Amino acid sequence: MSNNVVLDFVSQFMSDHLQYWNKLEYVKTLKLARNRLTSEECEHLVLFPQDEGEFLFTFNEMKNNISDLQFILENGNAAYDVLFWKNICAYYPKMDYSHFYDFIFLEPDRYKMDLRNCKTIGGCFKKLKEHIPARYFETQYEGKDFFGEFSVKLDTVHFESRFEKINFSHDEVYLIPYFIEYRNQHLIEWIYQEKAYRKSINELGINEICGKLNEISIASTVNVEGLIINRIRQMLHNKGYFEGIDIEWNHDYAERVISITFIKKSSAMKIKITKIIRAYNLEEDLKKLEAQL
């Protein structure tokens, strides 16, 4: 388990997305997770999709840092996860979600883990630690109130987060693994249901949320690609090339590339030149192109 709170979040609540994060090196993962992505427009669009014309999410804060833009373009799925975390990590509910787990305590024999009982509640809880995600025992301050924290009292195990306060008695302590499993499956959905309720929307499913965020991410990618095209076009103009300029992103390749075509005059002839820029090596390839012009 990583000490990075965004990766921990993905591991617990969006485990199917780990395929994107596992492709990143550790240092690059930290870079992506710590990027300052703007999220206000995104949250507004999730709850008010009809305002799309007024609130188009862009990487405005990062326009001057082309290397970060390049990195996000190359890892768009993981960048979406960072944005999603920033949208909900600071959310404080008006209601206590503790009652959502009442059904577990009503049928303890159905949901408890089958382990031999211990004399002390601390001993029982110690046996459970290997069955509970490590994130729930880390001391990292960032995000701890989101994931929650366990503390062993004299006759109870107390769990407290920003969303719940729950006590497990000696007889109930083996319900904790299922409690965590159920929490991981539903917490994000509950948060967005309450956010939607506050915005006077009756229902907003998690699939709809993810789909809308993905649309916004695609729109943002188009904006960033446009910025890079304009940068290349200006480079050509600065070097005296104005005819036959055609700059296109090619998304058919595993590694995205940019095809650049322009007309070079040589004596009485006009020669059509085509250059290929690799998105993953954008800065280096642009320097080489500029030197060749």
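# Notebook: sheet, cores and single residues

I began with the sheet and found an open one of three strands, ordered E4-E5-E6, with antiparallel pairing. The model I am reading is a predicted one. Strand E4 (246-250) and strand E6 (269-278) are the edges, each pairing on one side only. I looked up the angle between neighbouring strands of this sheet: on average they are turned by 20 degrees against each other, direction ignored.

Next I took the E4 pairing. E4 and strand E5 (residues 257-266) run antiparallel and are paired over five bridges. For Asn-250 I noted Val-257 in E5 as the bridge partner. I then checked what packs on the sheet, and found helix H13 (residues 282-292), which touches E5 and E6. The direction of H13 makes about 160 degrees with that of E6.

**Hairpin E2-E3**

I turned to strand E2 (residues 156-160), which pairs with E3 in the antiparallel sense over five bridges. The two are joined as a hairpin, with four residues leading from E2 to E3. Opposite Phe-159 I found Ile-166 of E3. I followed the side chains along strand E3 (residues 165-169) and saw them alternate. Ile-166 and Phe-168 point to one face and are buried, while Lys-165, Asn-167 and Ser-169 point to the other and are not.

**Cores**

Which residues touch the most other members of the largest nonpolar core? I listed Phe-9, Phe-146, Phe-150 and Ile-176, in a core of 51 residues. Helix H11 (residues 176-198) gives the most to this core, namely nine residues. I looked at Ile-176 separately, leaving aside its neighbours within four places in sequence. Ile-176 is in contact with Phe-125, Leu-128, Ile-132, Phe-150, Val-157 and Phe-168. Two of these contacts lead back to the hairpin, where E2 covers residues 156-160 and Phe-168 is on the buried face of E3. I also recorded a second, separate core of 20 residues, which includes Val-224, Ile-232, Met-235 and Ile-245.

**Helix H3**

I looked for the buried side of H3 and found Thr-29, Leu-30, Leu-32 and Ala-33 buried. These four are on the same side of H3, because they cover an arc of only 165 degrees around the axis. The face turned away from that side carries the exposed residues Val-27 and Arg-34.

I then took Thr-29 alone; its place is in helix H3 (residues 26-34). Its relative accessibility is 4%, so I count Thr-29 as buried. Not counting residues up to four places away in sequence, Thr-29 touches Leu-7, Trp-21 and Leu-24.

**Cysteines and Lys-86**

How many disulfides are there? I counted zero. I checked Cys-124, which is in no disulfide; the nearest cysteine sulfur is that of Cys-118, 4.0 Å away. That separation does not meet the cut-off, which asks for sulfur atoms within 2.5 Å. With 0% relative accessibility, Cys-124 counts as buried.

Last I looked up Lys-86, which is found in helix H6 (residues 76-88). Is Lys-86 buried or partly exposed? I put it down as partly exposed, because its relative accessibility is 31%. Lys-86 and Val-6 are 80 residues apart along the chain, and I noted 8.8 Å between their C-alpha atoms.

Note on methods. Residues numbered from 1 in each chain as written. Predicted model: local features only at pLDDT ≥ 70, side-chain atom pairs only at ≥ 80, totals over all residues. Heavy atoms only, no water. Core = buried A, V, L, I, M, F, W, Y, C linked by side-chain atoms within 4.5 Å. Buried < 20%, exposed > 50% of the residue type's maximum accessible area, 1.4 Å probe, protein only. Contact = heavy atoms within 4.5 Å. Pairing = 2+ DSSP bridges. Axes fitted to C-alpha atoms, helices over the stretch in contact; angles between N-to-C directions. Arc of directions from axis to C-beta.
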